[in-house]
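Please look over the fold shown here and read the notes that follow. They go from single residues to cores, a helix and a pocket.

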Amino acid sequence: MTNEKKEWKKLTPEEERVILKKGTEAPYTGKYDKFFEDGIYVCKQCGAPLYKSSHKFNSGCGWPAFDDEIKGAVKRLVDADGRRIEIVCANCGGHLGHVFEGEGFTPTNTRHCVNSISLEFIPASKFKKAYFAGGCFWGVEYYFEKVDGVISAVSGYMGGDVENPTYEDVCSKKSGHLEVVEVSYDPKKVSFESLAKLFFEIHDPTQTDGQGPDIGPQYLSAIFYNDEKEKEIAKKLIDTLEKKGYKIATKLIPAKEHKFYKAEEYHQNYYDRRGKKPYCHTYVKRF
């Protein structure tokens, strides 16, 4: 959803030169050139999330470099010079820089060359994380990524005893892990309760042996709660559903007892990268 202009930050003359007038800051002068803390980068003008710290790499070009963007956050345009591809914030149109392909810096073969002055960094400590297991993580991730206020949804494994499990380990049904999605979100924009409600509406929380055609212990329904407040919210939602006649199979598991392991890169953004929709997850309104 596009922010109204009245909510946009008032820019300094130098910020206007770059963001509004499509200027460029001098190389090696931006504060984010050699900056690699964990968090996200948002648009300086409107605050829309643009890049995750995991996208950033050192290209040596003198400007911050990213090999990917948060889905739908960056728009590509033909530059005024007719040769390069300009990148702007998809939310407000603010100028970010240019994108280059085929340079071979990272496996994505893409470099977003961005002006530091067009960005603002928000450390990971400023947003929260929630953990949901609802069958194949491809479908769970697909729905959470589309929620306003969700910064990222990452597919991974949680709940088992094997360290650094592979997909093959989990599929063997011997590692004890569930397929889990780690949802990073801005609590000022979306609540844990809203996320938990969506969780119960995008999978079948009554199925006891998996999810849809995906059968096995790695596909069971669970919420890994971070604290007692999250546990209470989840229990309240389960009680509400059971009063409506649903027999809920979702387990509530303390997250502090289990480490989250990010799944292999080919599992991330699975459906969006293939232009498909989930085959075993559909939205069903239950609240």
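Which residues does Lys-44 touch, not counting residues up to four places away in sequence? They are Lys-9, Leu-11, Glu-15, Ile-19, Ile-117, Ser-118, Leu-119 and Glu-120. The model is predicted.

## A buried lysine

Lys-44 sits in a loop, between strand S1 (39-43) and strand S2 (49-52). Its relative accessible area is 9%. Lys-44 therefore counts as buried, the cut-off being under 20%.

Two polar partners appear among its neighbours. The side chain of Glu-15 makes a polar contact of 3.2 Å with the side chain of Lys-44. The backbone oxygen of Ile-117 also lies 3.2 Å from a polar atom of the Lys-44 side chain.

## Two nonpolar cores

In soluble globular proteins, nonpolar side chains tend to be buried together. The largest nonpolar core here has 38 residues. Phe-132, Phe-144, Phe-192, Leu-195 and Phe-200 touch the most other members. Several elements each supply at least two residues of this core: strands S10 (128-134), S11 (150-158) and S12 (178-185), and helices H2 (137-144), H3 (167-171), H4 (192-202), H5 (228-243) and H6 (270-274). H4 gives the most, with seven residues.

Another core lies apart from this one. It has 25 residues, among them Ala-48, Phe-66, Leu-119 and Phe-121.

Phe-144 shows the contacts of one residue in the largest core. Not counting residues up to four places away in sequence, Phe-144 touches Phe-132, Val-150, Ala-153, Val-183, Leu-195, Leu-198, Phe-199 and Ile-202.

## Helix H4

H4 is mostly covered. Eight of its eleven residues are buried. These are Phe-192, Leu-195, Ala-196, Leu-198, Phe-199, Phe-200, Glu-201 and Ile-202. The cover over them includes S10, H2, S11, S12, strand S15 (221-225) and H5.

## The second largest pocket

H4 and H5 also meet the second largest pocket, where each supplies at least two lining residues. H5 gives the most to this lining, with three residues. The pocket volume is about 180 Å³.

Which residues line the second largest pocket? They are Lys-128, Tyr-185, Pro-187, Val-190, Ser-191, Phe-192, Glu-193, Asp-227, Lys-229, Glu-230 and Ile-233. Phe-192 thus has several roles in this account: it is in the lining, it is among the buried residues of H4, and it is one of the core residues that touch the most other members.

## Cysteines without disulfides

A search of the whole structure finds zero disulfides. Cys-89 is in none; its nearest cysteine sulfur, that of Cys-46, is 3.7 Å away. Cys-89 is buried, at 1% relative accessibility.

Why is the sulfur of Cys-171 not bonded to the closest cysteine sulfur, in Cys-136? The two sulfurs are 9.4 Å apart, too far for a bond, because a disulfide needs them within 2.5 Å. Cys-171 is partly exposed, at 30% relative accessibility.

## Positive phi outside glycine

Two asparagines have a positive phi although neither is a glycine. For Asn-109, phi is about 60 degrees. Asn-109 is in the loop between strand S7 (95-101) and strand S8 (110-114). Its relative accessible area is 33%, so Asn-109 is partly exposed.

For Asn-269, phi is near 55 degrees. This residue is in the loop between strand S17 (261-262) and H6. Asn-269 is partly exposed as well, with a relative accessible area of 24%.

Methods:
Residues numbered from 1 in each chain as written. Predicted model: local features only at pLDDT ≥ 70, side-chain atom pairs only at ≥ 80, totals over all residues. Heavy atoms only, no water. Helix = DSSP H or I, 4+ residues; strand = E, 2+ residues; numbered from the N terminus. Buried < 20%, exposed > 50% of the residue type's maximum accessible area, 1.4 Å probe, protein only. Polar contact = N/O pair within 3.5 Å; in protein donor to acceptor, adjacent residues only side chain to side chain. Contact = heavy atoms within 4.5 Å. Core = buried A, V, L, I, M, F, W, Y, C linked by side-chain atoms within 4.5 Å. 1 Å grid on protein atoms, 1.4 Å probe; cavity = no way out; pocket = protein on both sides within 12 Å on 5 of 7 lines; lining within 4 Å. Points joined across faces, edges and corners; volume = space filled by probe spheres on them.
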